[in-house]
Amino acid sequence: MTTTQRAQRMNFTKAAPKVFKAMIALDAAAAEGLDPALVELVQIRSSQINHCAYCLDMHTRDARRAGESEERVHLLSAWREAGLYTEKEQAALALTEAVTVLTDGFVPDEVYERAARHFDEVELAHLIALIFTINAWNRIAVATRKTPGTE
């Protein structure tokens, strides 16, 4: 098998340090009060959808450190069929997909309401912030071709 590694386009951290620092602060604020394992599941799922190899590499490692099993990490792209995720996790993953993709330009009421049944208003606000933050990170890493396994 032949692999092709594309060169990183820029070091975003060095090129835009104020933006990078602001993103780090936003990331920390968004995750506040949420279960660390759930945070990683959301970040992995968004990164799968956005084809962000750098973020997938980082967050699958972080998920394992947060106590996630190999099986749950590997089957995350098929979470509906896997039968391994709690109702709360499924609600978060459905919201992650809806916010990441924005099919037809909106998040369906039933997806939002399902999440609202499992998360109080503050938690839900943080979950939404987590989702849009990982989407921003994905776009930075994909646009700059950030190499998996690098800092």
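Helices here are DSSP runs of H or I with at least four residues, and strands are runs of E with at least two. By that count the protein, which is a predicted model, has nine helices and zero strands. Read from one end of the sequence to the other, the pattern is α-α-α-α-α-α-α-α-α.

The overall dimensions come next. The C-alpha trace spans about 45 × 40 × 35 Å along its principal axes. The radius of gyration is 16 Å, which agrees with the value near 15 Å expected for a compact globule of 151 residues. Of these 151 residues, 40% count as buried. Among contacts with a separation of 6 or more, 69% join residues that are 24 or more positions apart. The accessible surface comes to about 8,700 Å², and carbon and sulfur atoms supply 56% of that area. The protein carries 17 positive and 21 negative charges, and the mean positions of the two sets are 12 Å apart.

Some of these charges pair up. The count of salt bridges comes to eight. One of them joins the side chains of Arg45 and Glu97, at 2.8 Å from N to O. Arg45 belongs to helix α3 and Glu97 to helix α7, so this pair ties together parts that lie 52 residues apart in sequence. Both of these residues are buried.

Glu97 has a further partner. Its side chain also meets that of Arg80 in a salt bridge, again with an N to O distance of 2.8 Å. This pair likewise links distant parts of the chain, with Arg80 in helix α6 (residues 79-82), Glu97 in helix α7, and their positions 17 residues apart. Arg45, Arg80 and Glu97 are therefore linked in a network of salt bridges, given that the rule asks for a side-chain nitrogen of Lys or Arg within 4 Å of a carboxyl oxygen of Asp or Glu. The burial of Arg80 and Glu97 can be read from their relative accessible areas. Arg80 is exposed because its value of 51% is over the 50% cut-off. Glu97 counts as buried because its 13% is under 20%.

Another salt bridge is formed by the side chains of Arg72 and Glu68, with 2.6 Å from N to O. Arg72 has a relative accessible area of 14% and is buried. Glu68 is buried too, at 9%.

Glu40 is a charged residue without such a partner. It lies in helix α3, which covers residues 36-49. Glu40 is buried yet has no salt bridge, and the nearest side chain of opposite charge, that of Arg65, is 7.8 Å away. That distance is not within the 4 Å that a salt bridge requires, so the pair is not counted. Leaving aside residues up to four places away in sequence, Glu40 touches His59, Asp62 and Ala63.

Two loop residues deserve a look for their backbone. His51 has a positive phi of about 55° although it is not a glycine. His51 sits in the loop between α3 and α4 (53-65). With a relative accessible area of 68%, His51 is exposed. Leu102 also has a positive phi, about 50°, and is not a glycine either. The loop that holds Leu102 runs between α7 (87-101) and α8 (109-118). Leu102 has a relative accessible area of 41%, so it counts as partly exposed.

Note on methods: Residues are numbered from 1 along each chain as its sequence is written. This is a predicted model: local features need pLDDT of at least 70, side-chain atom pairs count only at pLDDT 80 or more; totals for chains, interfaces and linings use all residues. Side-chain values use heavy atoms; hydrogens and water are left out. The radius of gyration is taken over C-alpha atoms; the globule rule is 2.2 Å times the number of residues to the power 0.38. Buried means under 20% relative accessible area, exposed over 50%, partly exposed in between (1.4 Å probe, protein chains only). Contact means heavy atoms within 4.5 Å. Accessible areas come from the Shrake-Rupley method with a 1.4 Å probe; for residues, only the protein chains shown count as cover. Lys and Arg count as positive and Asp and Glu as negative; His and the chain ends are not counted. The place of a charge is taken as NZ of Lys, CZ of Arg, CG of Asp or CD of Glu.
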